[in-house]
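Please open the model in a viewer and keep the selection tool at hand. The tour below proceeds from stop to stop, stating what to select and what is found there.

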Amino acid sequence: MNLAKFPRTRLAHLPTPLEPLPRLSAALGGPEIWIKRDDCTGLSTGGNKTRKLEFLMAEAQQQGADIVLTQGATQSNHARQTAAAAAKLGIDCHLLLEDRTGYNHENYKYNGNVLLDVLHGASIEHRGPGLDMNAEMEAVAEKFRAEGRIAYTIPGGGSNPTGALGYVNCALEMLGQFVDLGLNVDHIVHATGSAGTQAGLITGLSAMNADIPLLGIGVRAPKDKQEENVYNLAVKTAEKLGCPGVVARDDVVANCDYVGEGYGLPAESTLEAIDIFARTEAVLLDPVYSAKGAAGLIDLIRKGHFAKGEKVVFLHTGGAIGLTGYSHVFDVAAKA
């Protein structure tokens with residue numbers, strides 16, 4: 001497995017910190033919790049998509065792209081990081097943002113990630129719910145190409161075999177940190193959505209025979225669909241790396257019990273997770289991804305899924321800037 005053979009544009013602050021969470025661990029009374037701070041990747045407030053964009057934007061540059069397109073929800077962390085990467089590299093960026101929540105609050109529509117999209121100079125189109133957004137994006141890209149532009153398209157979440165290489169690299173990075181710290185990790189937990197983060201991690205961990213169970217906490221799709229999406233992408237990622245067959249179907253595990261009413265709609269458990277992490281460890285989670293992953297972690301600890309004394313690493317995928325777009329879900333006025 002040789003990541004060095006793939007073009008890569010260095011955008012992230014790496015390695016990201018790996019830190020213990022002693023107050024959270026004590027509050028939950030279960031395993032010893034650590035956090036992998038991929039909210040600290042550095043690009044426009046950071047987040048997990050920056051690792052993917054190192055490989056995706058390098059491929060765009062290799063192809064001579066003068067504009068990149070991607071798509072996501074209104075408060076998409078991926079769209080914001082893509083806009084930032086494009087700005088840093090001097091490439092135009094065009095975003096298609098889908099209404100997946102039905103929220104009409106001003107902060108949701110114009111603050112948070114959307115504000116940063118605009119500040120980074122991206123042009124934006126909006127779409128209603130239920131469309132094939134990758135198909136919508138490709139149709140718009142064809143219009144740019146008809147005008148003579150060299151358009152490079154990035155799927156939602158940056159989740160294709162090229163983007164997943166970023167999380168193969170993260171798996172290698174974490175394993176190195178575990179060795180350096182003398183840390184025997186029993187479980188890794190993270191939020192899983194568009195599949196690229198989990199697929200890359202599984203591929204990297206399996207290729208290195210790490211034997212550390214990885215659990216993705218789903219934020220959108222049902223369990224069967226989520227696991228199938230992750231597995232299919234992991235297989236393609238392993239093939240791209242030249243190590244086909246390293247990923248087994250049993251390696252892919254998702255728990256999708258914490259989605260709540262739908263994507264981007266915080267459940268009570270989501271808000272509780274944000275509160276607990278902020279109050280015990282001063283760690284900010286986002287309402288769409290990381291807090292739903294943390295809600296799953298918290299509930300599973302309470303149910304005894306992780307044994308007392310085990311070491312569990314929670315991968316923080318970032319997105320805290322999105323909190324400012326969700327001010328309507330927090331009763332701030334009553335507390336301030």
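Begin with the open sheet of four strands, whose order is 5-4-3-6 and whose pairing is parallel. Strands here are DSSP runs of E with at least two residues, helices are runs of H or I with at least four, and both are numbered from the N terminus; two strands pair if DSSP finds at least two bridges between them. The model is predicted: local features need pLDDT of at least 70, side-chain atom pairs count only at pLDDT 80 or more, and totals for chains, interfaces and linings use all residues. Residues are numbered from 1 along each chain as its sequence is written, and side-chain values use heavy atoms, with hydrogens and water left out.

Select strand 5 (123-127) and strand 6 (151-154), the edge strands of this sheet, each of which pairs on one side only. From one strand to the next the twist averages 20°. Next, add strand 4 (residues 92-98), which runs parallel to strand 5 and is joined to strand 5 by five bridges. Within this pair, Leu95 has Ile124 in strand 5 as its bridge partner.

Now display the helices on this sheet. Helix 6 (residues 133-146) lies across strand 3, strand 4, strand 5 and strand 6, at about 155° to strand 3. Angles run from 0 to 180 degrees between N-to-C directions, and axes are lines fitted to C-alpha atoms, for helices over the stretch in contact. Helix 2 lies across strand 3 (67-73) and strand 6, and runs at about 160° to strand 6.

Keep helix 2 (residues 49-62) selected and add helix 3 (residues 77-89): their axes come within 10 Å and cross at roughly 45°. Helix 2 is therefore oblique to helix 3, where under 35 degrees counts as roughly parallel, over 145 as roughly antiparallel, 65 to 115 as roughly perpendicular and the rest as oblique. Residues in contact (heavy atoms within 4.5 Å) include Leu53 and Met57 in helix 2, and Ala85 and Leu89 in helix 3.

Move to the second sheet, an open one in which six strands take the order 1-2-10-7-8-9 with mixed pairing. Strand 1 (18-20) and strand 9 (254-255) stand at the edges with a single partner strand each, so one side of each has no neighbour in the sheet. Select strand 7 (residues 187-192) and strand 8 (residues 214-218), which run parallel and are joined by five bridges. Here Ile188 stands opposite Leu214 in strand 8.

Which angle do helix 7 and helix 8 make where they pack? Selecting helix 7 (residues 161-181) and helix 8 (residues 196-207) shows an angle of about 50°, with the axes 7 Å apart. The two helices are therefore oblique to each other. Their contact includes Tyr167 and Met174 of helix 7, and Gly200 and Leu201 of helix 8.

Two local features close the route. Select Leu14 and Pro15, which are joined by a cis peptide bond with omega of about -5°; Pro15 belongs to the segment before strand 1. Then select Thr45, in the loop between strand 2 (32-37) and helix 2. Although Thr45 is not a glycine, its phi is positive, at about 75°.
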